[in-house]
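This briefing goes through a model by topic, from the overall make-up to individual side chains. Please keep the sequence and the coordinates at hand while reading.

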Amino acid sequence: MSHELSLFVGTFATLLAIINPFEVLPVYLKMLEGKDAATHRKVAWKACLYALLLSLFFLIFGTLILRLFGVPLSMVRIVGGIILMKIGFELFSPSASGGVIPASGADQSGNIAFVPLAMPLMCGPGAIATILGMTATIKRSSAELASFVAIVVAIFATMVVTYLCLAYAGKLFDKLGAMGIDAITRIVGFFVSAMGVALIFDGIIEALQTHGVTILR
């Protein structure tokens with residue numbers, strides 16, 4: 001049970017840090033500028049639902065896709081770690097461009113829930129790489145079903161927290177302000193980079209062990 005709990009906490013913390021609802025807030029508010037609260041909640045609900053379905057798709061079929069292309073999970077961990085490190089550095093030192101912000105006045109509330117909110121802002125390369133990397137943990141676990149359930153629950157919990165942040169985006173942005181969101185984004189970026197390094201290290205060790213080097217720990 002302790003393994004499943006640690007797997008849940010690790011997956012939840014990593015995905016929440018990568019999605020980083022606080023960083024999505026300015027983009028979300030800019031895209032829905034002038035819309036009422038009901039529209040905000042509707043778009044937030046759709047975006048989180050799409051991101052949840054995408055996450056579950058990669059969790060269930062990710063390993064099958066990797067086998068189809070002949071990519072071992074250890075390599076996914078390494079590449080995923082590199083992506084996380086890059087995302088972490090970008091969060092810690094954001095560029096002056098300010099990220100992906102569409103033109104103001106966009107009225108396609110049904111479309112923006114999927115692109116760019118659900119993908120790539122919420123379920124982007126970092127989240128996909130993390131989910132694919134977690135499939136390696138499921139395969140190595142003695143209780144695969146319990147580990148799978150723990151990851152699914154972590155994904156659900158992440159999307160619930162993200163929805164609450166988006167649904168109350170206006171109030172959060174007013175309380176935190178631009179400086180507060182910037183500070184949180186930089187702190188999150190530091191820890192995302194650290195998670196990326198850990199994922200790279202685990203992937204290298206797993207790859208070496210797969211090829212017969214079992215001494216390293």
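Where is the place of Asn20? Asn20 sits in the loop between α1 (2-19) and α2 (21-31), and its backbone is taken up again below. The model is a predicted one, and the protein chain in it has 8 helices and 0 strands.

**Overall make-up**

- From the N terminus on, the elements of the protein chain follow the order α-α-α-α-α-α-α-α.
- The protein chain has 217 residues, of which 43% count as buried.
- When contacts in the protein chain are taken between residues at least 6 apart in sequence, 90% of them join residues at least 24 apart.
- The accessible surface of the protein chain comes to about 11500 Å², and carbon and sulfur atoms account for 72% of that surface.

**Helix α1 and the loop residue Asn20**

- The end C-alpha atoms of α1 are 25 Å apart, which agrees with the 26 Å that its 18 residues should span at 1.5 Å a residue.
- The buried residues of α1 are Glu4, Leu7, Thr11, Thr14, Leu15, Ala17, Ile18 and Ile19.
- In general, an α-helix has 3.6 residues a turn, so residues three or four places apart point the same way.
- Just after α1 comes Asn20, which has a positive phi of about 50° although it is not a glycine.
- Most residues other than glycine have a negative phi.
- Asn20 is also buried, because its relative accessible area of 2% lies under the 20% cut-off.

**Helix α3: span, kink and one buried histidine**

- For the 33 residues of α3, a span of 48 Å should result at 1.5 Å a residue, and the end C-alpha atoms, 45 Å apart, agree with this.
- Helix α3 nevertheless contains a kink of about 55°, which is centred on Phe61.
- Just after α3, Gly70 takes a positive phi of about 70°.
- His40 is found in helix α3 and counts as buried because its relative accessible area is 14%, under the 20% cut-off.
- Leaving aside neighbours within four places in sequence, His40 is in contact with Tyr28, Leu29, Leu32 and Lys35.

**Helix α8: a span that falls short**

- Helix α8 (residues 169-210) has 42 residues, yet its end C-alpha atoms are only 46 Å apart, whereas a straight helix would reach 62 Å at 1.5 Å a residue.
- A kink of about 90° is present in α8, and Gly177 is at its centre.

**Aromatic pairs**

- The structure holds 5 aromatic pairs, among them the edge-to-face pair of Tyr50 and Phe114, with 5.5 Å centre to centre and 75° between the planes.
- This pair links distant parts of the chain, since Tyr50 lies in helix α3 (residues 37-69) and Phe114 in helix α5 (residues 109-122), 64 residues apart.
- Tyr50 counts as partly exposed at 27% relative accessibility, and Phe114, at 35%, likewise counts as partly exposed.
- Phe57 and Phe58 also form an edge-to-face pair, with 5.4 Å centre to centre and 80° between the planes.
- Within this pair, Phe57 counts as partly exposed at 38% relative accessibility, whereas Phe58 counts as buried at 17%.
- Phe57, Phe58 and Phe61 form one aromatic cluster, and Phe61 is also the residue on which the kink in α3 is centred.

**Cysteines**

- A search of the whole structure finds 0 disulfides, and for Cys48 the nearest cysteine sulfur, that of Cys165, is 9.1 Å away.
- Why is the sulfur of Cys165 in no bond with that of Cys48? The distance of 9.1 Å to this closest cysteine sulfur is too far for a bond, because a disulfide calls for sulfur atoms within 2.5 Å.
- Cys48 is buried, with a relative accessible area of 5%, and Cys165 counts as buried at 12% relative accessibility.

Technical notes:
Residues numbered from 1 in each chain as written. Heavy atoms only, no water. Phe/Tyr/Trp six-rings, centres within 6.5 Å; stacked < 30°, edge-to-face > 60°. Helix = DSSP H or I, 4+ residues; strand = E, 2+ residues; numbered from the N terminus. Buried < 20%, exposed > 50% of the residue type's maximum accessible area, 1.4 Å probe, protein only. Contact = heavy atoms within 4.5 Å. Expected span 1.5 Å × (residues − 1). Bend = angle between axes of the 7 residues up to and from the residue. Areas by Shrake-Rupley, 256 points an atom, 1.4 Å probe, with all protein chains shown as cover.
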